[in-house]
Amino acid sequence: MLVILLFGPPGSGKGTQACEIVGLTKITAISTGDLLRGEMKAGTELGRKAQDIMNAGGLVPDELVNAMLVSRISRSDCRDGFLLDGYPRTVEQARYLDRVLARMGMPSPIVIHIDVPPEVVVGRITARRQCPVCNRIYNALYQPPKVEGVCDFDDGRLFTRKDDNEVTVRERMKNYETITNPVLDHYRNANYHRVDGTRAPEVVFEEVAGVLQGEMAYTPE
Ligand code: AMP
């Protein structure tokens, strides 16, 4: 059983690495950002509450995200473990997750921190495109799809996230620096691995896979 937490600033390649990790480990990947965008699209109460905050690059309140997360990881596809991308983002969320994992009898998380300096990510993010069907991430400059604007896997029409503009990205980066960075201190003495995320995605994944294969060798089924 594996619980993996992926950390990194917006545009660090978390979504791309999450996809690769799923291929390797077969566990379910959960992005709280994707879940919230799904709520917005479905027009639920949570989606309406989150909408303005997300569009401005702020953080959705802990109690809303925590409740959404616990309901998602209680589903049967998470029984053998899961990967979280974009959660926890506050120390309060990290403490909450500790309690939930203990209650569910899940192992302590493996923390993977994809480290990329702020000046690199702003350039990457404005060229980011996402598939609405499978949530795969592309980059119009560095990782384009085979056919412009179309997902390689399911023909979904790629879209640009509303919050992927320069003003909002700067706000998200600021929140990452001030609110989410302290979350890493929460895990610094845990099973923490820093990976240099400035390299090509496949090189980053080679290192991530090395870490996970080491972990899987010691993890009982
Ligand atoms: P992401 O797709 O991870 O970049 O998240 C997009 C947006 O969703 C963030 O800028 C936040 O507004 C919101 N969000 C996602 N995950 C969380 C979280 N764990 N806590 C609070 N807000 C979140």
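**Exercise 1. Asp-155: buried or exposed?**

Solution.
- Asp-155 has a relative accessibility of 60%.
- The cut-off for exposed is over 50%.
- Asp-155 therefore counts as exposed.
- Now look at the backbone of this predicted model. Phi of Asp-155 is positive, about 65 degrees, although the residue is not a glycine.
- Asp-155 sits in the loop between strand S6 (137–139) and helix H7 (166–187).

**Exercise 2. Find where Lys-26 lies, then describe its phi and its exposure**.

Solution.
- Start with the place: Lys-26 is in the loop between helix H1 (14–25) and strand S2 (28–31).
- Next, the backbone: phi of Lys-26 is positive, near 65 degrees, and the residue is not a glycine.
- Last, the surface: Lys-26 has a relative accessible area of 66%, so it is exposed.

**Exercise 3. Which residue does a cis peptide bond join to Pro-88?**

Solution.
- The partner is Tyr-87, and omega of the bond is about -5 degrees.
- Pro-88 belongs to the loop between strand S3 (81–85) and helix H5 (91–104).

**Exercise 4. Describe the shell around the ligand and its polar contacts**.

Solution.
- Begin with the count: 16 residues surround the ligand, and Thr-32, Gly-58, Gly-86, Arg-89 and Gln-93 come nearest.
- Sort them by class: six are nonpolar, five polar and five charged.
- Find the main contributor: helix H2 (residues 32–42) gives the most, four residues.
- Check the ligand's oxygen atoms: one is 2.5 Å from a polar backbone atom of Gly-58. An oxygen is also 3.0 Å from a side-chain N or O atom of Arg-161.
- Check nitrogen: a ligand nitrogen is 2.9 Å from a side-chain N or O atom of Arg-89.
- Finish with cover: alone, the ligand has 480 Å² of accessible area, and the protein covers 97% of that area.

How values were computed: Residues numbered from 1 in each chain as written. Predicted model: local features only at pLDDT ≥ 70, side-chain atom pairs only at ≥ 80, totals over all residues. Heavy atoms only, no water. Helix = DSSP H or I, 4+ residues; strand = E, 2+ residues; numbered from the N terminus. Buried < 20%, exposed > 50% of the residue type's maximum accessible area, 1.4 Å probe, protein only. Near = heavy atom within 4 Å. Polar contact = N/O pair within 3.5 Å; in protein donor to acceptor, adjacent residues only side chain to side chain. Areas by Shrake-Rupley, 256 points an atom, 1.4 Å probe, with all protein chains shown as cover. Nonpolar A, V, L, I, M, F, W, Y, C, P; charged D, E, K, R; others polar.
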